[in-house]
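Work through the exercises below with the structure open beside you. Try each task before reading its solution.

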Amino acid sequence: MTKTVGILGAGQLARMLALAAHEMGVKTICYDAHDTSSAAAATQTVQGSFEDQECLLAWARNCDVITYETENIPLAATDILAGQGLEVYPSRRALAMMQNRNLEKTFCRQLGIQTAEFAIVHNEAELQDAVSLLGYPCVLKTTTLGYDGKGQYRLNDDSDLSSLSLSWDREYIVEQWLQHDGECSILSVRDHDGKIKHYPLTYNQHQHGMLAYSRAPYPDRAMQKKANDIAERILEHFTYVGVLAIEFFMVGDNLLINEMAPRVHNSFHWTIEGATTSQFANHLRALLHWPLGTTEAIATSHLYNCIGQMPVCERILSYSGAYYHDYGKMVRPGRKLGHVTWCDFNHPGDTEIATALWSEINNIYN
Ligand code: ATP
Ligand code: MG
């Protein structure tokens, strides 16, 4: 019988999950409080508040299993669903930790996993103490509801600190600004039987706090092993089901966790064309008790985010091995509107085409 997966959220991640589901004969229905347009072009969507118990349950009744495309959904919504015996993956415990930077970093410390030094602040006095302790440069972030670098303030000196105007009705984290050697991420998947698979490590570059470019596989076996080990410990800790993404800072030979995401992740969109099984297909397979697909890369993939405006489709497609993804979103500076993947099947290490493609994509940040 046809399975139906419910997805909380209806943005581009839900859209790409829905497209992968469609190929496997799986139905999806998305639920979102706001704009459902990106996913709506690909699947059925319902617009309703996450607090609206009646609407949420009416939607959920049509679903065999439920997942989410963002960690920024109220835990109360998953509790309403669980209260009716509906299965939501990844688990509430993992979601609760990964949606809060304080809980996330504290958890890492408890497991002996390195992170940047940090302090939690609730008022001006605590903020002053945190900055004295950590020194400049540092970065202040909201502990919850951040994405794409939103809700973050880089502090280089006292004048940055004094020009902040914060509302103290919420909690913030101050992190030491790491002088790292680069950023990378791992995406791993665990199924109901405890089987785990890891994708190749991906190298990431950010601009203005947003992911701009990724390349995979990152060819460092020792780093890959370290990342796999960390992911495995976290997956086991939560008896996790589904995909888990972890963003790292590389400092010398060490990996420090920046943050985790209990969902499919932007830095692994290259797996659609560049791996034997995409991250989207494997997340669904895990949820549905289906065998996980192999996670090998079949090329060196370059992933470019299109921010603020889309490049010209015909120009991108004139490059052999390039794939164009338009999320169908309203154009706005600073908004992720799509991505381009170039799978380098034939010229390992070719930087000329990679650079030429980059120059086709004129991102508008703001
Ligand atoms: P996203 O949704 O893109 O993951 P986010 O809003 O969750 O972004 P972070 O991942 O915390 O934000 O930060 C975005 C980027 O800013 C990081 O990938 C990194 O490039 C830079 N950054 C954030 N915190 C630090 C830090 N403590 N030291 C050095 N760089 C940092
Ligand atoms: Mg991040």
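A polar contact is a pair of N or O atoms within 3.5 Å; within protein, one must be able to donate a hydrogen and the other to accept it. Keep this cut-off for the first exercise. The model is predicted.

**Exercise 1. Find which residue caps the N-terminal end of helix H7, and what follows the helix.**

Solution.
- Step 1. Go to the N-terminal end of H7. Asn123 caps this end.
- Step 2. Check the distance. A side-chain oxygen of Asn123 lies 3.3 Å from the backbone nitrogen of Ala125. The cut-off is 3.5 Å.
- Step 3. Move past the helix. Gly135 follows H7, and its phi is positive, near 80°.

**Exercise 2. Sort residues of H7 into buried and exposed, and say what the buried ones pack against.**

Solution.
- Step 1. List the buried residues of H7 (residues 124-134). They are Leu127, Ala130, Val131 and Leu134.
- Step 2. Look down the axis of H7. The buried residues fall within an arc of 95°, so they line one face of the helix.
- Step 3. Turn to the face away from the buried side. There sit the exposed residues Asp129, Ser132 and Leu133.
- Step 4. Name the packing partners of the buried residues. Among them are strand E5 (118-121), strand E6 (138-142) and strand E8 (172-176).

**Exercise 3. Describe how E8 is covered and how it pairs with E5 and E6.**

Solution.
- Step 1. Count the buried residues. Four of the five residues of E8 are buried.
- Step 2. Pair E8 with E5. They run antiparallel, joined by four bridges. Val121 stands opposite Tyr172 in E8.
- Step 3. Pair E8 with E6. They run antiparallel, joined by five bridges. Lys141 has Ile173 of E8 as its bridge partner.

**Exercise 4. Give the strand order of the open four-stranded sheet, and find the helix that packs on it.**

Solution.
- Step 1. Read the order: E3-E2-E1-E4, with parallel pairing.
- Step 2. Mark the edges. Strand E3 (44-47) and strand E4 (65-68) each pair on one side only.
- Step 3. Note the twist. Neighbouring strands of this sheet are turned by 25° against each other on average, direction ignored.
- Step 4. Add the helix. H3 (residues 53-60) packs on the sheet and touches E1, E2, E3 and E4. Its direction makes about 170° with that of E2.

**Exercise 5. Identify what coordinates the magnesium ion (ligand 2).**

Solution.
- Step 1. Find the donors. Glu247 (OE) and Glu259 (OE) coordinate the ion at 1.9 to 2.1 Å.
- Step 2. Place them. Glu247 lies in strand E13 and Glu259 in strand E14, so the pair ties together parts that are 12 residues apart in sequence.
- Step 3. Check burial. Glu247 is buried, with a relative accessible area of 13%.

Note on methods: Residues are numbered from 1 along each chain as its sequence is written. Chains are lettered from A and ligands numbered from 1 in the order in which they are written. This is a predicted model: local features need pLDDT of at least 70, side-chain atom pairs count only at pLDDT 80 or more; totals for chains, interfaces and linings use all residues. Side-chain values use heavy atoms; hydrogens and water are left out. Donors are N, O and S atoms within 2.8 Å of the metal (3.2 Å for Na, K and Ca); water is not among the atoms, so sites may look incomplete. Helices (H or I, at least four residues) and strands (E, at least two) are DSSP runs, numbered from the N terminus. Buried means under 20% relative accessible area, exposed over 50%, partly exposed in between (1.4 Å probe, protein chains only). Two strands pair if DSSP finds at least two bridges between them. Axes are lines fitted to C-alpha atoms, for helices over the stretch in contact, and angles run from 0 to 180 degrees between N-to-C directions. Contact means heavy atoms within 4.5 Å. The arc is that of the directions from the helix axis to the C-beta atoms.
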